[in-house]
Amino acid sequence: GAIGEAIRTRKPVVRHNINVDLPAGALRQEAIEKGYFSSVCIPIELDNGVATIIILFAFGEGIYDEDELALLKEVAANVSLALHSISHQERLNYLAYNDALTGLPNRGLFSDRLEQLMHTARRDKEFAAAVFLDTERFRHVNDTLGRGTGDDYLRQVARRLQSAIREQDTVARLGAD
């Protein structure tokens, strides 16, 4: 239908008479019952794909002319830009505190969490521990098997360590290995 076509073509899809142009379905039936005759499906793109669809209905037939479509395309472009900006900002915020390869907290977030842990341990007169692991000769893995294999290894180690700790504990990636 119109929604699938809008996703495939990434262009607005107009139906000037939904009684004729749209397949039977609950949405079409509800629109007809409310007196709508025209519709337009506008794709909203994000990261080279359609993130969502805006569907508008109108009471008259043939409402969505070229001028109206141009305005709706501009609105869709603005919404896409806003979504991209939000997505980009979220990604920047994530990368400010997490390692891009493993998704683990980075040195900054780890330092903050360690400081909080030490403060709590001093206040409660308890012990706290930090364990540091280093992969010996990790550079040789990258040099002999390739960087992709080394990256896969680090992601696997991160997953295994994450699965072995308590929820309140932290595994972080502080350096290259």
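Begin by selecting Ala 158, which is buried, with a relative accessible area of 5%. The structure on screen is a predicted model, and this tour moves through it one selection at a time.

**First stop: Ala 158 and helix α7**

Ala 158 belongs to helix α7. Show the residues around it, leaving aside its neighbours within four places in sequence: Ala 158 is in contact with Thr 102 and Leu 104. Next add Ala 172, which is 14 residues from Ala 158 along the chain. The C-alpha atoms of Ala 158 and Ala 172 are separated by 8.3 Å.

**Second stop: the pairing of α6 and α7**

Keep helix α7 (residues 147-163) selected and add helix α6 (residues 138-145). Two packed helices are described by the angle between their axes and the distance between the axes. Here the axes come within 6 Å and cross at roughly 135°. That crossing makes α6 oblique to α7, because angles over 145 degrees would be needed to count as roughly antiparallel.

Which residues of α6 and α7 meet? On the α6 side, select Phe 138, Val 141, Asn 142 and Leu 145. On the α7 side, select Arg 147, Thr 149, Gly 150, Tyr 153 and Leu 154. By class, this contact has five nonpolar, three polar and one charged residues.

**Third stop: the loop leading to α6**

Move to the loop between α5 (107-124) and α6, where Ala 130 lies. Ala 130 is partly exposed, with a relative accessible area of 43%. Select Thr 170 as well: Ala 130 and Thr 170 are 40 residues apart in sequence, and their C-alpha atoms are 9.4 Å apart in space.

Arg 137 is also placed in the loop between α5 and α6. Its relative accessible area is 62%, so Arg 137 is exposed. Inspect the backbone of Arg 137 as well, where phi is near 50°, a positive value in a residue other than glycine.

**Fourth stop: helix α4**

Select residues 66-97 to display helix α4, which has 32 residues. From its first C-alpha to its last, α4 reaches 47 Å, close to the 46 Å expected at 1.5 Å a residue. At the start of α4, zoom in on Asp 65: one of its side-chain oxygens reaches to within 3.3 Å of the backbone nitrogen of Asp 67.

Which residues of α4 are buried? They are Leu 69, Leu 72, Ala 76 and Ser 80. An α-helix has 3.6 residues a turn, so residues three or four places apart point the same way. The buried residues of α4 pack against three strands, namely β1 (13-15), β2 (38-46) and β3 (49-58).

Now isolate Ser 80, found in helix α4. Ser 80 counts as buried because its relative accessibility is 15%, and the cut-off for buried is under 20%. Leaving aside its neighbours within four places in sequence, Ser 80 is in contact with Ile 44 and Glu 45.

Continue to Ile 86, which also lies in helix α4. Ile 86 is partly exposed, with a relative accessible area of 48%. Draw a distance from Ile 86 to Ile 18: the two are 68 residues apart along the chain, and their C-alpha atoms are separated by 35 Å.

**Fifth stop: the turn from β2 to β3**

Select Asp 47, which lies in the loop between β2 and β3. Is Asp 47 buried or exposed? At 55% relative accessibility, Asp 47 counts as exposed. Phi of Asp 47 is near 55°, a positive value in a residue other than glycine.

**Last stop: α3 and the loop before it**

Select Arg 28, placed in helix α3 (residues 26-33). Arg 28 counts as buried, at 17% relative accessibility. Display the side chain of Arg 28: one of its polar atoms lies 3.0 Å from the backbone oxygen of Ile 18.

Finish with Ala 24, found in the loop between α2 (18-21) and α3. At 70% relative accessibility, Ala 24 counts as exposed. From Ala 24, draw a final distance to Phe 110: the two residues are 86 apart in sequence and 56 Å apart in space, C-alpha to C-alpha.

Notes
Residues are numbered from 1 along each chain as its sequence is written. This is a predicted model: local features need pLDDT of at least 70, side-chain atom pairs count only at pLDDT 80 or more; totals for chains, interfaces and linings use all residues. Side-chain values use heavy atoms; hydrogens and water are left out. Helices (H or I, at least four residues) and strands (E, at least two) are DSSP runs, numbered from the N terminus. The expected span of a helix is 1.5 Å times one less than its number of residues. Buried means under 20% relative accessible area, exposed over 50%, partly exposed in between (1.4 Å probe, protein chains only). Contact means heavy atoms within 4.5 Å. A polar contact is a pair of N or O atoms within 3.5 Å; within protein, one must be able to donate a hydrogen and the other to accept it, and residues adjacent in sequence count only if both atoms are side-chain atoms. Axes are lines fitted to C-alpha atoms, for helices over the stretch in contact, and angles run from 0 to 180 degrees between N-to-C directions. Angles under 35 degrees count as roughly parallel, over 145 as roughly antiparallel, 65 to 115 as roughly perpendicular and the rest as oblique. Ala, Val, Leu, Ile, Met, Phe, Trp, Tyr, Cys and Pro count as nonpolar, Asp, Glu, Lys and Arg as charged, and the others, Gly among them, as polar.
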